[in-house]
Amino acid sequence: MSTVNLRDKIPNNVDLSSDKRLQRALETWQPEFLSWWKEMGPVGFQASDIYLRTAISVEASGWAHFDYVQMPEYRWGIFVEDPEPNRKIGFGDHYGEPVWQDVPGEHRNALRRLIVTQGDTEPASVEQQCRLGSSCPSLYDLRNLFQVNVEEGRHLWAMVYLLHRYFGRDGREEAEELLQRRSGDADKPRILQAFNQPIADWLSFFMFATFTDRDGKFQLLSLAESGFDPLARTCRFMLTEEAHHMFVGEMGVSRIVQRAAELMREGKEPRACGAIDLPMIQRYFNLWYSVSLDLFGSEISTNAGNYFAAGLKGRPREEEKFSDHLALEGTSRVELYENGKLVGKEVPPRLALNQTVRHAYTADCQKAVDRWNRNLVGSGFELKLPSDRFHRNVGTYAEACFDPAGNLLSKEEFEKRVHEFLPSAPDREYVRSLTSSPVIEPGHFANWIAPPARGIDGKPVDFAYVRYNEER
């Protein structure tokens, strides 16, 4: 079991103090990170006491400590799971070989690219969500937002540690760049387009946490298979924290659906009562699910195949879910849009890895939707996952227009009907109008969202999860 040092300036279980050069480099980066946090982190709450959990261990139980903390004083740290004795690479051309403890020279650039791309998503989501605090539906939800935010910050630390520790000067420069890009900036945007989308309301936040953070789960699961052991061990612990982010999103949407269903059972129309109607929830759902699908890349991808072959990024739960760990046997069927029509093609399995992982993601999303629909039994309405073809900007389907059922439409027809499928400007304005004033009294909730079934860390729902201190 690794020793966790909580007394150091940077809490860690990687024996940071034994490498003074690395320690100094990260301690130099730390104030730059804090400057970024104060500039781009949650607006109006830097001096508020928030009831947060902080990682203090990598054990399965007792790994986090709960207490009030002001976010700039949060103990962001570096935590990786303990090494697995005699671990072997579980897939690709290096299958069965010992995992790497150092970066293989021939894979240096590819590994750095994977780590930088993952690292860039973490501060991006904080930037996207930085103004939501002023419109919170409750202190419970406000605390959950900030818990997600600080853990995204810790995930940035996880990737920055790998860059500093294993990639020398190039890694240090990449770590600096992670603090220079900005979500939605015209000149220096974040790397992935989903992380440049504005999140101006809480319905969007809950959808983002459900679908985009769920993509994050599958990316981390893929990297947790990596033959580069420090990356794999880092991602395994990140998954422990990522599970809460998806819970926040999924339960947030569920409570919005529950409130709409309650009103409908009373014979009331949700919008007339200041709640969010189910068709509008579906339109937001369509948007964030389709945006998140683009994060999996193209249906046929040589990059994904090359990462797999090199042992850098695998398939989630490789040993459990797959028998052919080389992905060389047979073919995989991929649907493509070519010359104005849909065609099926058989391709080598390695070229279809993005689709393989995306299908697993879709199945996981469907489980969340099934849970939401339990609130709607007898209502005559059912939330549905849109087709993978719908509203795509990456991959084969980006060349054409499809409705949520996957039917091909002309561009003119799609544009005519787009607000049947996706949130309109009036939709967004209405949702924002519901959150024009924050709900800050403990135990009180906005009219458009149901209270949760239970509180956090054994505390009651009406606990003061945020000691509200308005700085604006």
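Student: Which residues line the largest cavity in this predicted model?

Tutor: The lining of the largest cavity is made by Tyr140, Asp141, Asn144, Phe206, Phe247, Val248, Met251, Gly252 and Arg255. Helix 3 and helix 6 (229-265) are the elements that give two or more residues to that lining. Helix 6 has the largest share, five residues.

Student: What makes this a cavity rather than a pocket?

Tutor: A 1.4 Å probe fits inside a cavity but cannot get out, whereas a pocket is an open set of points. The largest cavity has a volume of about 40 Å³. With the cut-off at 30 Å³ or more, the count is one cavity.

Student: How do the residues of its lining divide into nonpolar, polar and charged?

Tutor: There are five nonpolar, two polar and two charged residues in the lining of the largest cavity. Gly counts as polar here, so Gly252, one of the lining residues, goes into the polar class.

Student: Let's turn to helix 3. How do you know that its reach is close to what is expected?

Tutor: Helix 3 covers residues 139-166, which is 28 residues. From first C-alpha to last, helix 3 reaches 41 Å, and 1.5 Å a residue leads you to expect 40 Å. That's why we can call the span close to the expected one.

Student: Why is helix 3 called mostly covered?

Tutor: Buried means under 20% relative accessible area, and 27 of the 28 residues in helix 3 are buried.

Student: What caps the N-terminal end of helix 3, and what follows the helix?

Tutor: Ser138 is the cap: one of its side-chain oxygens lies 3.3 Å from the backbone nitrogen of Tyr140. A polar contact needs N or O atoms within 3.5 Å, so 3.3 Å passes the distance cut-off. After helix 3 comes Gly168, with a positive phi near 55 degrees.

Student: Is Tyr430 buried or exposed, and how do you know?

Tutor: Tyr430, which sits in helix 12 (residues 425-434), has a relative accessible area of 13%. The cut-off for buried is under 20%, so Tyr430 counts as buried. Tyr430 and Arg271 are 159 residues apart in sequence, yet 9.2 Å apart in space, C-alpha to C-alpha.

Student: What makes strand 1 and strand 2 a pair?

Tutor: Two strands pair if there are at least two bridges between them. Strand 1 (residues 49-55) and strand 2 (residues 64-70) are joined by seven bridges and run antiparallel, so they qualify. One of the bridges puts Arg53 opposite Phe66 of strand 2.

Student: How many bridges join strand 1 to strand 7?

Tutor: Two bridges, and these strands also run antiparallel. Strand 7 (residues 466-467) contributes Val466 as the bridge partner of Ile50. The cut-off is at least two, so this counts as a pair as well.

Student: Why do strand 2 and strand 7 stand at the edges?

Tutor: The open sheet has three strands in the order 2-1-7. Strand 2 and strand 7 each have a single partner strand, so one side of each has no neighbour in the sheet.

Student: And the largest pocket: what is its volume, and which helix gives the most to its lining?

Tutor: Its volume is about 990 Å³. Of the 41 lining residues, Thr117, Leu192, Gln219, Leu295 and Lys313 are the closest to its centre. Helix 5 gives the most, with eight residues. By class, the lining of the largest pocket has 15 nonpolar, 17 polar and nine charged residues.

Conventions:
Residues are numbered from 1 along each chain as its sequence is written. This is a predicted model: local features need pLDDT of at least 70, side-chain atom pairs count only at pLDDT 80 or more; totals for chains, interfaces and linings use all residues. Side-chain values use heavy atoms; hydrogens and water are left out. Helices (H or I, at least four residues) and strands (E, at least two) are DSSP runs, numbered from the N terminus. Buried means under 20% relative accessible area, exposed over 50%, partly exposed in between (1.4 Å probe, protein chains only). A polar contact is a pair of N or O atoms within 3.5 Å; within protein, one must be able to donate a hydrogen and the other to accept it, and residues adjacent in sequence count only if both atoms are side-chain atoms. On a 1 Å grid over the protein atoms alone, a cavity is a set of points where a 1.4 Å probe fits but cannot get out, and a pocket is an open set with protein on both sides within 12 Å along at least five of seven lines; lining residues have an atom within 4 Å of a point. Grid points are joined across faces, edges and corners, and a volume is the space filled by probe spheres set on the points.
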